[in-house]
Amino acid sequence: MFEYAPAPESRSVVDLKPSYGLFIDGKFVDPTDGGSFKSINPASEEVLAEIAEAGAQDVERAVSAARKAYDKVWGPMPGRDRAKYLYRIARLIQERSRELAVLESLDNGKPIRESRDVDLPLVAAHFFYYAGWADKLGHAGFGSNPQPIGVAAQVIPWNFPLLMLAWKIAPALAAGNTVVLKPAETTPLTALLFAEICQQADLPAGVVNIVTGAGDTGRALVEHPGVDKVAFTGSTEVGRAIARSVAGTRKKLTLELGGKAANIVFDDAPIDQAVEGIVNGIFFNQGHVCCAGSRLLVQENVADRVLESLKRRMAHLRVGDPLDKNTDVGAINSAAQLERIRELSDAGSAEGAERWSPPCELPDRGFWFAPTIFTGVTQAHRIAREEIFGPVLSVLTFRTPAEAVEKANNTPYGLSAGIWTDKGSRILWMADRLRAGVVWANTFNKFDPTSPFGGYKESGYGREGGRHGLEGYLNV
Amino acid sequence: MSERVAVRKTYKLFIGGKFPRSESGRSYLVQSSNVSLASRKDARDAVVAARAAVKGWAGATAYNRGQILYRAAEMLEGRREQFVALGIPGDEVDAAVDRWVWYAGWADKLAQVYGGANPVAGPYFNISAPEPTGVVAVVAPERPALLGLVSVIAPAIVTGNTVVVAASPSEPLAAVTLAEVLATSDLPGGVVNILTGAITETAPALAAHMDVNAIDLTGVTDATLAGELEVKAAENLKRVLRPAPADHDWTVDPGVTRMTTLLETKTVWHPKGV
Amino acid sequence: MTATTTSARSDLSELGRSETALRTFLHGLPGVDQVGAEQRAAQLGTRSIKTTAKAQAIDLAIRMVDLTTLEGADTPGKVRALAAKALRPDPADPSCPHVGAVCVYPAMVPYVAEVLRGSAVHLASVATAFPSGQAPLEIKLADTRAAVAAGADEIDMVINRGAFLAGRYSEVYDEIVATKEACGDAHLKVILETGELATYDNVRRASWLAMLAGGDFIKTSTGKVPVAATLPVTLVMLEAVRDFRAATGRQVGVKPAGGIKTTKDAIKYLVMVNETVGADWLDPDWFRFGASSLLNDLLMQRTKLTTGVYSGPDYFTLD
């Protein structure tokens, strides 16, 4: 046997402070009416830092700072100058990418291979891409002189902490808005390091404000009357509540919510690449991906062969220390999320689906869940309908393309879908019929700053990325 | 010779290409006519008809949809005097015809303007294209009864959506007459469904309906009701067009927002290799 | 996985009898998506192999080297020196393993055989009008028989790429069968010359064709065309031998050749073997590197691991 020796990425590149304040009006400040909470490393349960929790008054300060910056500095600033600040930020992210990647893996539990090779390159690319739009907004297709909206309240999830920050902040700033962003309570650290980067870039005070906290902080922010725009990425449940809370206001809303994507494999698929796509689709980032290919729809006449290949491939997944460069599947982000994954998986077993995981040793401390597949799943099973947001794949079969479409669309979600077949006309036929915002054909989980991302139906509305991503931040 | 006794028209609902009375059997007196007072069940039936029409209408070619909308404009032009007889100013009828023609031309252009190739950093073909969101509930503006109505229906259906429209309660005759135009213009039954009656009765049912994909609140003048409808719409995350300001000028270039808000963007990736 | 199933095992041997059957089978194999295959190969290339794993990998890689010289200028003296190095790659360190084989032209086989006699190092010879294969079949077979008679126990043949690309699969198949027969007990490595096959779909089909015809190894390249072994090509071939064993029960080896120059490269290949076909192929009997300069880099890295300091080329023999 060829055993890989541990290959840990060094933590020394990260300079963690014992505690972090709120980033308001260009400065780190203590909360006035909030408390604090701890951010832990989900791979070890070690406390990483004490984080300020913003109360209503702190949110008020942040929104006021953003308003002032919008009125006095950022709104009136020529696009070409906004662009330069965004380019600066993009460069600083590249320069500090290793530090950011290690910190992301520490705080989130995702493998360093992913934070290093996926998250950070995309974060920098996003700022570069939108930097270039800042002085070209009149050419974006929203009229010759589109105007920003004002102050944007942005609430982001814990699965791609810095990448979601980039998806929110880059287009908002490019379009001329100022922002108050709330990172997830379990993963605030890279956002706070990003705040330092804003200082390093000499970004005018108040253009970016970061308020840390949990649901109450988020609610205070979203419901603040001084906010003109709300952008949220997270669960459909919370998205619905936000949609209700902004009802009847002037606030423009974009939502990027849950999903239960079908990854559809036909009998003429390039099987080895399809298996990679299935693995990438559900085990990338521990399955903490809103567009994860969590339902494998495989044509019945190749189901056995595909499953055999999939299981063989899964046996090579390396689960463990997120900072080990050879780790494929890291830690589950929190105890609460682990509990949810366990609960739904148990429901899968209880409802009669057959559960399988490759043999793998999970660490004693921290939050872990072995890569798991369920076979014999039907549309009626909870694990085929509810978003698990973990490394759990439900396998269903189909007989005809029409049946595949019908099953794929049979969900209130509509974020993404995958198609695997060598037949071009079938890809286009399927792509036309799938009710999903992103369709990956013979690939999966690909992201790019130029490519619009977002859902149909209860997966939300609005698009992030590309020219389309500007629309949510312009007064059109 | 005595003067001919006129045959009077019964103003009914327009659902699935047919002109039924309200299932409730109710009507109300407005503009000197008895007009159907639609119920929640009529709204439900209209949504069923609209849903059934989505596949064919969204699946029609953009060229075909453009042709059909243009045909509707022709029919509208031909019935100009009929609308004038209802009290609609001639200028407004003309503007409504022009508005309809303007939107008809968008059918096969919007995907080019609003979609396109995305230059991703990798060996992928990547393209975004707009698609209709599905069934759209529309609260039409109170007035202008015809131009306002055309200005909310055309942008919704030109891209392949189907609509259930709650017509102006105080001036519904233009809406029913427009239904007659649409019924004779090759538009498949169910693409446009028109309910007359009280907004307070039909709109909440439509806003809460889980098989409606979007709601256009343009004609809701009561801010409280608009807020309530938007809250209901949040249940299945309907796309929402908020009410138009009371002083909205319906004669100016409407831009594309009415169309784009009722569209989804689908992005397709495929590797490029040999 | 392939279009075959367990029940089809007995049928595969019949495929070679008909051009139609061969074509239907080969064209029924699943396609290979270029971008996906290359991404998988690149991803495996990011594995970080350190310390004990690296030491293990280096020794294994040394044992897998087919130490090769295939030059018009090869002489008895040159190939004897190469054979001596094959036996003791690092004269200063007796713990250093010997390589897998020495690979030379048929005319050089007798001189290498003298040196290797009695050792466990195999003697491979290219044959069949290497590298182009553009000679009458009888000459190719005579070439093969001569090499075996002179002492080669492994024959590296080239397939007829022209016939393959023209779709004359039976012709390619029959040549491999005939060469295998001419080999007698010698192992047959079938060179696909993947750089000329142009697509991964072709690589997969040629791999299956070679295995169906009885090849013991499938090998990427002659080293004589611009594109030699690559990680994704080797990935596709590894998938083919994996699936072939699943279908027929017979294990076939894989040999990437040409362009593998550094320890880092070699380790990427070993990682790929490990995570594609598993431990069964992590053995010189089932995986080889066709290389010349690779060996010295492996030796330098090996020394670095044992001494802790970076070595230099002056400390290793040039042959």
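**Chain contacts, a parallel sheet and two residues in a predicted model**

Good morning. In strand β10 of chain B, Trp269(B) is the bridge partner of Trp440(A). Strands here, like helices, are DSSP runs numbered from the N terminus, with E over at least two residues for a strand and H or I over at least four for a helix. This is a predicted model, in which local features need pLDDT of at least 70, side-chain atom pairs count only at pLDDT 80 or more, and totals for chains, interfaces and linings use all residues. Residues are numbered from 1 along each chain as its sequence is written, while chains are lettered from A and ligands numbered from 1 in the order in which they are written.

Let me stay with that pair of strands. Strand β17 of chain A, residues 438-441, runs parallel to β10(B), and 3 bridges join them. Two strands are said to pair if DSSP finds at least two bridges between them.

How many residues does each chain give to the contact between chain B and chain A? Chain B gives 27 residues and chain A gives 32 residues. Two residues are in contact if their C-beta atoms, placed from the backbone, lie within 7 Å. On the side of chain B that touches chain A, β4 (124-132), α9 (223-234) and β10 (263-271) of chain B are the elements giving two or more residues. The largest share of this side, 8 residues, belongs to β10(B). By type, this side of chain B holds 13 nonpolar, 9 polar and 5 charged residues. Nonpolar covers Ala, Val, Leu, Ile, Met, Phe, Trp, Tyr, Cys and Pro; charged covers Asp, Glu, Lys and Arg; the others, Gly among them, are polar.

Chain B also meets chain C, in a contact that takes 5 residues from chain B and 5 residues from chain C. The side of chain B that touches chain C has 3 nonpolar, 1 polar and 1 charged.

I turn now to a sheet in chain B. In general, strands of a sheet pair through backbone hydrogen bonds, either parallel or antiparallel. In chain B, 5 strands form an open sheet in the order β7-β6-β5-β8-β9, with parallel pairing. Why do β7 (192-195) and β9 (239-241) of chain B each have one side without a neighbour in the sheet? Both stand at the edges with a single partner strand each, so one side of each is left free of a neighbour in the sheet. Within this sheet, strand β6 of chain B (residues 162-166) pairs with β7(B) in the parallel sense over 4 bridges. Asn193(B) in β7(B) is the bridge partner of Val164(B).

Finally, two residues of chain A. The unreviewed UniProt entry places the feature "active site" at Glu256(A); such annotations may be inferred rather than shown by experiment, and positions follow the numbering used here, with feature names shortened. Glu256(A) is found in strand β10 of chain A, residues 252-256. Is Glu256(A) buried or exposed? Glu256(A) counts as buried because it has 28 C-beta neighbours inside 10 Å. The terms are set by the other C-beta atoms, placed from the backbone, within 10 Å of a residue's own: 20 or more is buried, 12 or fewer is exposed, and in between is partly exposed. Among the residues that Glu256(A) touches are Thr233(A), Cys290(A) and Glu464(A).

Ser36(A), in strand β4 of chain A (residues 36-41), is partly exposed, with 16 other C-beta atoms within 10 Å. Ser36(A) and Gly213(A) are 177 residues apart in sequence, yet 8.0 Å apart in space, C-alpha to C-alpha.

How values were computed
Lists of a residue's contacts leave out its neighbours within four places in sequence.
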